[in-house]
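Reader: Please take a close look at one part of this model, the open sheet and what surrounds it, and then say what else stands out along the chain.

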Amino acid sequence: MTHNKYNKEITGAEAVILALLDEGVKDVFGYPGGAIMPVYDALYDYSEQLTHYLVRHEQGATHAAQGYSRVSGKPGVVFATSGPGATNLITGIADAQIDSTPMVCITGQVHSHLLGTDAFQETDVVGISMPVTKWNIQVTTADEIAPAIAKAFFIATSGRPGPVLVDITKDAQFGKTIYNHKKCESIRSYFPHPKVNNESIKQAAALINSAKKPYILCGHGVLLSNAQQQLIDFAQKGNIPVASTLLGLSAFPAQHPLYVGYLGMHGNYGPNLLTNECDVLIAIGMRFDDRVTGNVSKYAKQAKVIHFEIDPSEINKIIHADIPVMGDAKESLEMLLPLIESKDRKEWLTRFAECNEIEMNKVINDAIHPTSEKLRMAEVIDKLYTLSEGKSIIATDVGQHQMITTRYYKFNETNTNVTSGGLGTMGFGLPAAIGAKVARPEKQVIAVLGDGGFQMTIQELGTIMQSNIAVKILVLNNNFLGMVRQWQQLFFDRRYSFTEMKNPDFIAIAKGYNINGKKVTDRKNLSEAIQEMLDSKEAYILEAVVENEENVFPMITTGASVSEIILE
């Protein structure tokens, strides 16, 4: 849509703001600095239309944008200055790239005549970010700004989504341009939506209908294409068990009778073990990450594999697909559904129930009803699930607490699991929760953090304070870098090399940011403490002091097959 009222000369900096507004952007996470100052000056006049959240570190802006994107489906937007401001974005950009999260980063850059001179706060952010962005560009004139931003949004959100970066020199921001917004809807030689091949759908349906033990693995792509209902309809019609990857959690309701659990190194027993018993493996919007496959040479060798995937580079990259189905997951499943026959697969589903019973007896019952003196992580999360009625958005950091949370919090509502998957970025949880709360202010948003990850982005408590964001923070404190310690215990003869942590008083620190909270150490006070956190109308921190050397089981060790999953 063209804004005729803007058919006048404006600065490139103002063109940035107008282009964002024309893309429907309402919120931006960022941190000002010299090279992006003209954009911030232009933002001053648009503060009612565009809300800016001042983070305390640029990495926090990227994770907040990721959290925002993951629960809203819209791209998160980030502002940063040149040099260290831009390089501080790289971890979050890399995280968004591997987890297919749409994000638009706009960085300031030194004047174009200074490029390549090692000017103050100059870095080649386009070169640095190239391997971890879906697309990036450097803009050196004001006229290029609006088209570049339109193109950035199209690329970030189309096909397999991802992060993009637009680097704008300071003279382009100061320069004059006639602003006209033209939405980007296609790019020559870029085909983000492969047309679904009807023949591959027919082949897939025939194979599924003839299967005795078909098995659906659902990934993040189901959520990205909004195919949740189509997946439920497909599973129900064919009576097919469904397991989820880490990022696929919440794509299929955890309490659905066909949901069998979660895949991966610390996933559920049955879903991992029975991968090597199914006869047809139906992978939907997932990339066969090494955490899911374990030893690839021993992965699902007995099964025919159907791979529903939008990104051609993922087909046959790790696991050979007997029937690749290229295209959008929602569109593919809609075409598949009428061809699927209803079958009674009671015997096959019973195998999952038997495995679940084994895991309940060997692992879960003791974890959520422990006899130990100290609190256990699993019982805290189980209690959180019960008291929040499973209706909260949960943003986790990375480590043992992440695996425990994704195991014991049952995600029944869609887009409620926000976590760092492929990159495993410590420090992700707190800023991601901030972004999620900004995107969905009506929802209860809880950041579940470990004591290690919390301290990587603890400064974002300042963002919560300044913008009054009612995020709840649950810290599972075991005074260790727990996941590394578990590996040291199991594989390095308990040589705990630099994993024990001497931690500060988290509640006192939060108090310094005007955030109320309490510490719980005793089982008898746990329910009341969690309820108090949930009832708070403002941000709140609850520190639960848990068992120091608790391990997460089941576990598939490095190099092992999914069949070799251990329960203790």
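Author: The sheet comes first, then a charged residue beside it, then several local features elsewhere.

This is a predicted model, in which local features need pLDDT of at least 70 and side-chain atom pairs count only at pLDDT 80 or more, while totals for chains, interfaces and linings use all residues. Residues are numbered from 1 along each chain as its sequence is written, and side-chain values use heavy atoms, with hydrogens and water left out.

Helices (H or I, at least four residues) and strands (E, at least two) are DSSP runs, numbered from the N terminus. Two strands pair if DSSP finds at least two bridges between them. On these terms, 6 strands form an open sheet with parallel pairing, in the order β3-β2-β4-β5-β7-β6. The edges are held by β3 (51-54) and β6 (135-139); each has a single partner strand, so one side of each is left without a neighbour in the sheet. From one strand to the next, the twist averages 20°. Angles here run from 0 to 180 degrees between N-to-C directions, with axes taken as lines fitted to C-alpha atoms, for helices over the stretch in contact.

Within the sheet, β5 (residues 103-109) and β7 (residues 163-169) pair in the parallel sense over 7 bridges. One of the residues involved is C105, whose bridge partner in β7 is L165. Two helices pack on the sheet, where contact means heavy atoms within 4.5 Å. Helix α3 (residues 58-72) touches β2 (27-30), β4 (76-80) and β5, and its direction makes about 170° with that of β4. Helix α7 (residues 145-157) touches β4, β5, β6 and β7, and the direction of α7 makes about 175° with that of β6.

D99 lies in the loop between α5 (90-98) and β5. Buried means under 20% relative accessible area, exposed over 50%, and partly exposed in between (1.4 Å probe, protein chains only). D99 is buried yet has no salt bridge. A salt bridge is a side-chain nitrogen of Lys or Arg within 4 Å of a carboxyl oxygen of Asp or Glu. The nearest side chain of opposite charge to D99 is R70, 4.1 Å away; Lys and Arg count as positive and Asp and Glu as negative, and His and the chain ends are not counted. The side chain of D99 does reach the backbone nitrogen of G421, at 2.8 Å. A polar contact of this kind is a pair of N or O atoms within 3.5 Å; within protein, one must be able to donate a hydrogen and the other to accept it, and residues adjacent in sequence count only if both atoms are side-chain atoms. Leaving aside neighbours within four places in sequence, D99 is in contact with R70, H220, L247, T419, S420, G421 and G422.

Elsewhere, strand β13 (residues 304-309) is joined by 4 bridges to β14, and the two run parallel. F308 stands opposite V325 in β14. In a regular strand the side chains alternate between the two faces of the sheet. Strand β14 (residues 323-326) has I323 and V325 on a covered face, with P324 and M326 on an uncovered one.

Y259 is found in strand β11 (residues 259-262). At 16% relative accessibility, Y259 counts as buried. Not counting residues up to four places away in sequence, Y259 touches V242, S244, L249, F252, P253 and A254. A polar atom of the Y259 side chain lies 3.2 Å from the backbone oxygen of G261.

Helix α21 (residues 482-491) has G482, M483, R485, Q486, Q488 and Q489 as its buried residues, and what covers them includes α17 (400-408). Just after α21, D493 takes a positive phi of about 50°.

Positive phi values also occur in two loops. Q121, in the loop between β5 and α6 (125-129), has a phi near 55° although it is a residue other than glycine. Its relative accessibility is 27%, so Q121 counts as partly exposed. N226, in the loop between α10 (220-224) and α11 (228-238), has a positive phi of about 55° and is not a glycine. At 46% relative accessibility, N226 counts as partly exposed.

Last, a cis peptide bond joins F553 and P554, with omega about 0°. P554 is found in the segment after β20 (540-545).
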